[in-house]
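Please open the model in your viewer, with the sequence panel alongside, and follow the stops below in order. Each stop suggests a selection and then says what is to be found there.

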Amino acid sequence: RDGDGRRRDGRGRPESPPPSPSPAAGAAAALKKLPAVGNRRLGLALLGSGVAATALGLALFFNAFWIRVGNILLLAGFPMVVGAGRTAGYFLQPKKARATGCVAAGACLVFVGWPFC
């Protein structure tokens with residue numbers, strides 16, 4: 001470095017500045033950072049709404065509509081908070097296959113319209 005703070009190459013000439021990234025590369029880098037916070041906030045909102053809708057469905061003497069809406073919101077919000085990769089890694093473990101099947105079967109029964117067997 002010289003007195004002016006600029007780097008010099010082997011011949012004493014100032015180094016050229018690094019090439020600036022293209023606007024598309026800058027936008028892609030910004031988009032990679034954005035979803036981490038935005039998805040978590042949206043996921044928390046979905047989880048909260050899901051809990052509220054499920055509680056409303058239970059308070060209205062097991063109203064199937066609100067229980068379904070609550071289940072959909074909970075199922076949409078959980079992967080957004082935890083992350084899709086971690087959620088899939090948790091539910092697709094071979095030793096948890098039976099539990100995952102029970103959760104999936106229960107959700108299907110509620111979506112079809114049979115909250116109890």
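Colour the chain by secondary structure and read along the sequence, where the protein chain follows the pattern α-α-α-α; in other words, the secondary structure comes to 4 helices and 0 strands. Bear in mind throughout that this is a predicted model.

Before selecting single residues, show the surface of the whole protein chain, whose accessible area comes to about 8800 Å², with 68% of that belonging to carbon and sulfur atoms. Buried residues make up 12% of the 117 residues in the chain. Among contacts with a separation of 6 or more, 47% are accounted for by residues 24 or more positions apart.

Next, go to the loop between helix H1 (23-59) and helix H2 (64-82), and select Phe 61, which has its place there. The phi of Phe 61 is near 60°, a positive value in a residue other than glycine. Is Phe 61 buried or exposed? With a relative accessible area of 75%, Phe 61 is exposed, because the cut-off for that class is over 50%. Add Phe 62, which lies in the loop between H1 and H2 as well, and which also has a positive phi near 60° although it is a residue other than glycine. Phe 62, at 45% relative accessibility, counts as partly exposed.

Now turn to the aromatic rings, of which the structure holds 3 pairs. Select Phe 65 and Trp 66 and view their rings, whose centres are 5.1 Å apart and whose planes stand at 75°, so that the pair is edge-to-face. Trp 66 is partly exposed, with a relative accessible area of 30%. Then select Tyr 90 and Phe 91, an aromatic pair that is likewise edge-to-face, with 5.2 Å from centre to centre and 85° between the planes. Both residues are partly exposed, Tyr 90 with a relative accessible area of 42% and Phe 91 at 31% relative accessibility. Adding Phe 78 to this selection shows a cluster, in which ring pairs link Phe 78, Tyr 90 and Phe 91.

Keep that cluster selected and extend it with Leu 92 and Val 103, for Phe 78, Tyr 90, Phe 91, Leu 92 and Val 103 form a nonpolar patch on the surface, with about 480 Å² of accessible area together.

From the patch, step into helix H3 (residues 84-91), where Tyr 90 lies, and select Thr 87, which lies in H3 too. Why does Thr 87 count as buried? Its relative accessibility is 10%, and buried means under 20%, so Thr 87 falls in that class. To see what surrounds Thr 87, leave aside its neighbours within four places in sequence and display its contacts, which are Phe 78, Pro 79 and Val 82. Phe 78 is thus a residue to keep on screen, since it is in contact with Thr 87 and also belongs to the ring cluster with Tyr 90 and Phe 91.

For the last stop, select helix H4 (residues 97-112) and follow its 16 residues from end to end: from its first C-alpha to its last H4 reaches 22 Å, close to the 22 Å expected at 1.5 Å a residue. Just after H4, select Gly 113, which takes a positive phi of about 125°.

How values were computed
Residues are numbered from 1 along each chain as its sequence is written. This is a predicted model: local features need pLDDT of at least 70, side-chain atom pairs count only at pLDDT 80 or more; totals for chains, interfaces and linings use all residues. Side-chain values use heavy atoms; hydrogens and water are left out. Patches are made of residues with over 30% relative accessible area and no salt bridge: like charges are joined within 9 Å, nonpolar side chains (Val, Leu, Ile, Met, Phe, Trp, Tyr) within 5 Å. Accessible areas come from the Shrake-Rupley method with a 1.4 Å probe; for residues, only the protein chains shown count as cover. A salt bridge is a side-chain nitrogen of Lys or Arg within 4 Å of a carboxyl oxygen of Asp or Glu. Helices (H or I, at least four residues) and strands (E, at least two) are DSSP runs, numbered from the N terminus. Buried means under 20% relative accessible area, exposed over 50%, partly exposed in between (1.4 Å probe, protein chains only). Contact means heavy atoms within 4.5 Å. Rings of Phe, Tyr and Trp (its six-membered ring) pair if their centres lie within 6.5 Å; planes under 30 degrees apart count as stacked, over 60 as edge-to-face and the rest as tilted. The expected span of a helix is 1.5 Å times one less than its number of residues.
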